[in-house]
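The following paragraphs lead the reader through a protein chain, from its sheets to its charged side chains and its cysteines. Please keep the sequence and the structure in view while reading.

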Amino acid sequence: HGCIALIYSGYDQLIDRVGLTRFDENGNILWKESYNSQDTSIVNPFGQSFIQTLDSGFLITGKCYYEDPDEPNIFLIKPYYIKTDKNGNFEWETVVHKGIGSELKGSAWSTSIDPSGSYYYSSITQIYPDYNAPALLKMDFDGNVIDIYNIVVGYNNGGLGYATFINDTVLAASIGWGNSDDEIRNYATLIDTVGNILDTTF
């Protein structure tokens with residue numbers, strides 16, 4: 001009973017930016033945890049969403065700024081994940097593309113678990129020097145990225161905001177793409193687990 005809330009607080013780039021709080025059914029705080037990385041290359045993390053995992057823990061999906069390996073003191077936006085146990089204790093974190101410089105950046109928005117209980121599938125935006133692409137990220141339960149599948153390329157802007165499984169191999173997804181911020185169209189879309197579009201409607 002009760003509920004879990006994702007918290008985001010403070011303007012300080014290093015202190016208590018992302019955390020979880022558990023409340024009982026009367027609104028009393030049972031526990032509150034903040035996740036301040038020991039990796040000094042991470043600054044300004046942001047949690048966009050979270051899910052309960054199969055081991056009753058939690059996975060936070062979001063973004064952070066990570067130091068450019070090619071240019072020290074320059075920080076680039078990267079997809080970011082934090083895994084906790086059922087009591088909110090930190091287990092692991094993953095920064096996607098952390099060894100890559102400004103040629104590949106991005107943000108993560110939401111994550112689903114496939115019906116077989118084998119992988120996380122995450123909705124992300126990949127940011128290249130000349131365009132943004134909606135993409136589907138596949139990750140194992142230890143936080144290792146298996147692959148990333150761009151869904152649409154060839155447009156200036158795009159992002160996969162949300163995707164959830166409707167059967168073993170198909171996800172219902174909210175995807176936007178276009179050639180400018182003013183021209184982006186949002187689509188209700190069916191995609192498979194390697195990012196192929198199966199059906200689309202406006």
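Two strands pair if DSSP finds at least two bridges between them. Helices (H or I, at least four residues) and strands (E, at least two) are DSSP runs, numbered from the N terminus. The structure is a predicted model, in which local features need pLDDT of at least 70, side-chain atom pairs count only at pLDDT 80 or more, and totals for chains, interfaces and linings use all residues. Residues are numbered from 1 along each chain as its sequence is written, and side-chain values use heavy atoms, with hydrogens and water left out.

The description may begin with strand β10, which covers residues 132–139. This strand runs antiparallel to β11, and 5 bridges join the two. One such contact involves Lys 138, whose bridge partner in β11 is Asp 147. Both strands belong to an open sheet of 4 strands, ordered β8-β9-β10-β11 with antiparallel pairing. At the edges stand β8 (105–113) and β11 (145–150); each has a single partner strand, so one side of each is left without a neighbour in the sheet. From one strand to the next, the twist averages 25°. For such angles, axes are lines fitted to C-alpha atoms, for helices over the stretch in contact, and angles run from 0 to 180 degrees between N-to-C directions.

A further open sheet of 4 strands follows the order β4-β5-β6-β7, again with antiparallel pairing. Its edge strands are β4 and β7 (90–95), each of which pairs on one side only. Neighbouring strands of this sheet are turned against each other by 25° on average, direction ignored. Between β4 and β5, which run antiparallel, there are 8 bridges; Ile 42, for instance, has Tyr 66 of β5 as its bridge partner.

Strand β4 also contains Pro 45. With a relative accessibility of 8%, Pro 45 counts as buried (buried means under 20% relative accessible area, exposed over 50%, partly exposed in between, with a 1.4 Å probe and protein chains only). Although Pro 45 and Cys 64 lie 19 residues apart along the chain, their C-alpha atoms are separated by 4.0 Å. Cys 64 is likewise buried, its relative accessible area being 0%.

How many disulfides does the structure hold? It holds 0, a disulfide being a pair of cysteine sulfur atoms within 2.5 Å. In contrast to the buried Cys 64, Cys 3 is partly exposed at 41% relative accessibility.

The charged side chains come next. The structure holds 2 salt bridges, where a salt bridge is a side-chain nitrogen of Lys or Arg within 4 Å of a carboxyl oxygen of Asp or Glu. In one of them, the side chains of Lys 83 and Asp 55 meet at 3.1 Å, N to O. This pair links distant parts of the chain, 28 residues apart: Lys 83 lies in strand β6 (residues 75–84), and Asp 55 in the loop between β4 (42–52) and β5 (58–67). Lys 83 also forms a salt bridge with Glu 91, and here the closest N and O atoms are 2.7 Å apart. Asp 55, Lys 83 and Glu 91 are thus linked in a network of salt bridges.

Are the members of this network buried or exposed, or partly exposed? Lys 83 counts as buried, at 2% relative accessibility. Asp 55 is partly exposed, with a relative accessible area of 48%, and Glu 91 counts as partly exposed at 39%.
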